[in-house]
Protein chains: 2
Amino acid sequence: MWNSPKVGILGGGQLGRMLVESANRLNIQANVLDAENAPAKQISAHDGHVNGSFKEREAVRQLAKTCDVVTAEIEHVDTYALEDVASEVKIEPSWQAIRTIQNKFNQKEHLRKYGIPMAEHRELVKNTPEELAEIGKELGFPLMLKSKTMAYDGRGNYSVKSKEDIPDALEALKDRPLFAEKWAQFKMELAVMVVKTKDEVLSYPTVETVQEDSICKLVYAPARNVSEAINQKAQALARKAVAAFDGKGAFGVEMFLLEDDSVILCEIASRIHNSGHCTIEACPLSQFDSHLRAILDLPIPAKSLEFRQPSIMLNLIGGATPDSHLKAAERALSIPNASIHLYSKGAARPGRKMGHVTVTAATMHEAETHIQPLIDLVDEIRSQRSDIKTPAAKSGPSKPAPSVAVMMGSDSDLKTLVPGLKLLKDYFGIEPAVDITSAHRTPTFMAEYAASAAARGIKVIIAAAGGAAHLPGMAAAHTALPVIGVPVKGSSLDGVDSLHSIVQMPRGVPVATVGINNSVNAALLVARILGSYDPAIQRKVEAYAEKAKTENLDQKGVKMRELGWEKYFEQM
Amino acid sequence: MWNSPKVGILGGGQLGRMLVESANRLNIQANVLDAENAPAKQISAHDGHVNGSFKEREAVRQLAKTCDVVTAEIEHVDTYALEDVASEVKIEPSWQAIRTIQNKFNQKEHLRKYGIPMAEHRELVKNTPEELAEIGKELGFPLMLKSKTMAYDGRGNYSVKSKEDIPDALEALKDRPLFAEKWAQFKMELAVMVVKTKDEVLSYPTVETVQEDSICKLVYAPARNVSEAINQKAQALARKAVAAFDGKGAFGVEMFLLEDDSVILCEIASRIHNSGHCTIEACPLSQFDSHLRAILDLPIPAKSLEFRQPSIMLNLIGGATPDSHLKAAERALSIPNASIHLYSKGAARPGRKMGHVTVTAATMHEAETHIQPLIDLVDEIRSQRSDIKTPAAKSGPSKPAPSVAVMMGSDSDLKTLVPGLKLLKDYFGIEPAVDITSAHRTPTFMAEYAASAAARGIKVIIAAAGGAAHLPGMAAAHTALPVIGVPVKGSSLDGVDSLHSIVQMPRGVPVATVGINNSVNAALLVARILGSYDPAIQRKVEAYAEKAKTENLDQKGVKMRELGWEKYFEQM
């Protein structure tokens, strides 16, 4: 069955090339319509390719004749050419979907009908300063002025900061069909790859994108410090938006996460997308595999779209000279866990996407640590471009999200915790989030703190309290994470009150209790738990025990044998 | 720098093809010497390929002229042709290494000098029944009779069960240079991919291989139920063996794990190898990436050779008809987490490698579960071959390795543990290993049990004990894993003795203590710990809390409001 279907691809750039990689592995012939020796053609040796442009009607017709299904790696194709051949060959997604999506105004008008939340927009019909000023009064400033068509990678967009920018904005986008969009005050840009098959709409997990110079710079997968609820909400929104269009294949859906944690749509691409490149390494099926399967009606197990590990994708962008991006590629060879993809586009122009690097790791923080030197170099290469005036986009919170939270009922518990905190930091290199969260004085804050801990990336909580010690148990009641309780010895009852208050929890809400005042054991328990999934930490736990053994056997033991117990005791 | 080096590859089969995939991603031109339209050439469109055979001297010379480095995807190349061109082009690994390795007798004689452990062998010089009978007396029966040269995928090997087989064996391998090898009574076949660079010898983790009809059927990565010590031992042996040869690149090292846990060498391949295919999905750098980097003196971060997740590779072998293997490929499309690689070799011959499938998953057991239907189908396809008489190779222990161990000091503690065990099994679907391991009656067994737990894949231990309850603390003293202690209420002191014996551990050895007799909380603590790394389990912990909340609010609460407390109490 695989030897039969031939897939036609409009466009043979990097997206087409990575699609051909997937086709090659399934022994599916991909016929590419693009210039001779386009990136996608270089890795597909057969005589079924078509030389020409995906905007030429005759070339599209020629391609259609040789294929069973035609798809596109770019939305700026001639949809009238596709409509022409639609009776002869399957087109996925449909030419109607591509036509609606390639006009951003029509795309949004269409999605609005399906109840997709997005920033307000207004059509310009006269493209006059007066008209835009009027719209500015309605939507407020700043606002985005956008070309309806042929807009991609920031081209065709102009951010109008105030009324004064109006003439420049209209000049920059003159002779184009325009609309204006209310400014989205977002705290993060999210994206979801959606795969529409003949009978379902699937999605990959939500990723975080960082844009620079209006093109994608970084993709963090999954999105960092975003709760499971927001991940699900963004996926559901993306699937709903894609379901509004006809046809099969992968769609890239870009969204904004607003300050109030609501998610609105930014825009849709009717194709495989830069925000999905990480799926090559992160998932059993990449977006390219899924697109191919979707348009050929081959099965896609939903489980194959889950992430194996966190990953970060960094684009390699053309710099000041035709080969400056290769410096970054060369540096990437030494980055642990980095997989390199160069697109073989030849000499680079500044700002052109020349390749990308994906780093996977057991934790997002590890991936961040590995990739940071490469981001620094990419920023340096960018700084040498004469066409760039703005500083580099920040890659966001690169401080490690702590995996351990330490809560104490009162600052008087801190001195008890210090030996454990020091052990965690100095010996294990683990920096926990440390907070005062009293179950009695700040019960609501404590509850929220515990309830949101898992979403913040916390894996284990230590909670210390004394007397009628409620904090560990209450924290455990608000989270699904393991909570380690440290009973702090108070002024009366020798700490037995704290111990029993912490350990004797009712069935259903466990607290992992350690000995009275024994924060060292709490810290070691944290290390043992993390160590079950992180061999480096487990080895440190083993080394800690080994050191204790050596001290007892080889130092204290030898000394006592040498000195005798009486002298030893004198010296104690 | 990437645009310059050209790599020549002797052989354009599936190994060459996957090597070209890696070259494509680095925009390195690979010139392939093989028949026109060989699998590797199909994904590399340029005019630098050479049509011909890697055994023709003239063709090798022609290839060498166009390249900076020449390598081979097969060891049965004409090393004299390589020697011829060695002054004009770099050859990696060296022709000397390939020449020694392609003769299995010379390979072993060479490795013996370097102290590599392997099965005893004897050279045949006359190939007579008398000579082999004499050798049989020395080595014992069964023994393996092997051709020194041109032996691969079982061709050139004959297992001589007893003296009576001698005439048939010599007939089967007549006119070939022979040697005999002592039978290795192994419990598992292991393999390690080694990468030799200009200044170091790196290795991937140890995998387990299952052979069928003398060719590789399955690869489990990492090897199942093998301790970290054996993993390290096998890697060290493999690196030492490869270090004995000259030149750079990937080498496949096959080994036997014997009953006494010693590891001996089986054989080396001077190339990328079937046992390393899983690295495409399982590692940031595949064996093909690493080979390419090694021969081009590009950096290889050691961390990039670690496994992201466990994986299983299954070969798709030609069956009774030219397309019967495609049935398996088609089935693989529906297997969760399966990545499919078809080699585009055209029509299949029975027994020919036509493709492979790799399944990755969070745990080996999950991967085993996903791939089983595909193994069953592959076995069925094989059973239809007329050239096959033997039953399918067993894929070995498919029982899941438990991630939780439950230890009790005495069977009298079992009834206390039952509610927790039931919760783990019935609600969370977690089947722990459950054992009686008394700290007082079986102290040595207990110590070994705890000490080996991590190597057996255990992530958390529950230990229950009563009275002078030493088991949890002693178990914790012998392992780096988190140990959860359940104090069991004895006949006196109301369980306070057990509680204090378990919780009041000295600094340095923590026990996560739960309430007296509260095995339910111990089970929930296990789920919380595993859940920190397994979202499916964490969701179940959340659902458990949600259920408890609903019961209290919506059922008991409503009932008490409706009935009033007096009636409610009557009905209790």
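**Figure 1. A loop of chain B that holds Pro142(B).** Pro142(B) sits in the loop that runs between helix 7 (129-139) and strand 7 (143-147) of chain B. Welcome to this predicted model, which we explore here through a series of close-up views. The bond to look for in this view is the peptide bond from Phe141(B) to Pro142(B), which is cis, with omega near -5 degrees. Most residues other than glycine have a negative phi, and most peptide bonds are trans.

**Figure 2. A cis peptide bond in chain A, with Asn225(A) in the loop.** Here the view moves to the loop between strand 13 (215-221) and helix 9 (228-243) of chain A, where Pro222(A) has its place. Ala221(A) and Pro222(A) are joined by a cis peptide bond, and its omega is about 0 degrees. Follow the chain to Asn225(A), which also lies in the loop between strand 13 and helix 9 of chain A. The phi of Asn225(A) is near 55 degrees, a positive value in a residue other than glycine.

**Figure 3. Asn127(A) and its positive phi.** Asn127(A) belongs to the loop between strand 6 (121-123) and helix 7 (129-139) of chain A. Its backbone is worth a pause: phi of Asn127(A) is near 55 degrees, which is positive although the residue is not glycine. Is Asn127(A) buried, partly exposed or exposed? With a relative accessible area of 26%, Asn127(A) is partly exposed.

**Figure 4. A salt bridge within helix 3 of chain A.** Side chains of opposite charge can pair when their charged atoms come close. In this view, Glu58(A) and Arg61(A) meet through their side chains in a salt bridge of 3.1 Å, N to O. The two residues are three apart in helix 3 (residues 57-65) of chain A, so about one helical turn separates Glu58(A) from Arg61(A). Glu58(A) counts as partly exposed at 47% relative accessibility, and Arg61(A) counts as partly exposed at 30%.

**Figure 5. Arg385(B) and Asp387(B), a pair in chain B, and a network in chain A.** A salt bridge links Asp387(B) with Arg385(B), and their closest N and O atoms are 2.9 Å apart. How accessible is each partner? Asp387(B) has a relative accessible area of 44% and is partly exposed, whereas Arg385(B), at 8% relative accessibility, counts as buried. Turning to chain A, salt bridges that share partners bring Arg57(A), Glu58(A), Arg61(A), Asp78(A) and Asp84(A) together in one network.

**Figure 6. A salt bridge between exposed side chains in chain B.** Lys198(B) and Asp199(B) come together in a salt bridge, with 3.8 Å from N to O. Lys198(B) counts as exposed at 56% relative accessibility. Asp199(B) is exposed too, with a relative accessible area of 59%. How many salt bridges are there over all chains? The count comes to 60.

**Figure 7. A nonpolar patch on the surface of chain A.** Four residues, Met560(A), Trp565(A), Phe569(A) and Met572(A), make a nonpolar surface patch of about 580 Å². One of them, Met560(A), lies in helix 19 (residues 535-563) of chain A. Met560(A) has 40% relative accessibility, so it counts as partly exposed. For the wider setting, chain A exposes about 23000 Å², and carbon and sulfur atoms supply 52% of that area.

**Figure 8. The domains of chain A.** Chain A is divided into domain 1 (6-91), domain 2 (120-182), domain 3 (186-384), domain 4 (404-532) and domain 5 (536-567). Taken over C-alpha atoms, the centres of domain 2 and domain 3 of chain A are 28 Å apart. The secondary structure of chain A comes to 20 helices and 23 strands, and its C-alpha atoms fill a box of roughly 100 × 55 × 50 Å along the principal axes. Of the 572 residues in chain A, 59% are buried. Among contacts in chain A between residues at least 6 apart in sequence, 64% join residues at least 24 apart.

**Figure 9. How chain A and chain B are related.** Two copies of a chain are related by a rotation about an axis and a shift along it. Chain B is superposed on chain A by a rotation of 179 degrees with 0.3 Å of shift along its axis, with an RMSD of 0.6 Å. The two copies are therefore related as by a two-fold rotation axis. Of the interface residues of chain B, 99% are also interface residues in chain A, so the copies meet through the same surface.

Notes
Residues numbered from 1 in each chain as written. Chains lettered and ligands numbered in written order. Predicted model: local features only at pLDDT ≥ 70, side-chain atom pairs only at ≥ 80, totals over all residues. Heavy atoms only, no water. Domains from an automatic or database assignment. Least-squares fit on C-alpha atoms with pLDDT ≥ 70 in both. Contact = heavy atoms within 4.5 Å. Patch = residues over 30% accessible without salt bridge, like charges linked within 9 Å, V, L, I, M, F, W, Y side chains within 5 Å. Areas by Shrake-Rupley, 256 points an atom, 1.4 Å probe, with all protein chains shown as cover. Helix = DSSP H or I, 4+ residues; strand = E, 2+ residues; numbered from the N terminus. Buried < 20%, exposed > 50% of the residue type's maximum accessible area, 1.4 Å probe, protein only.
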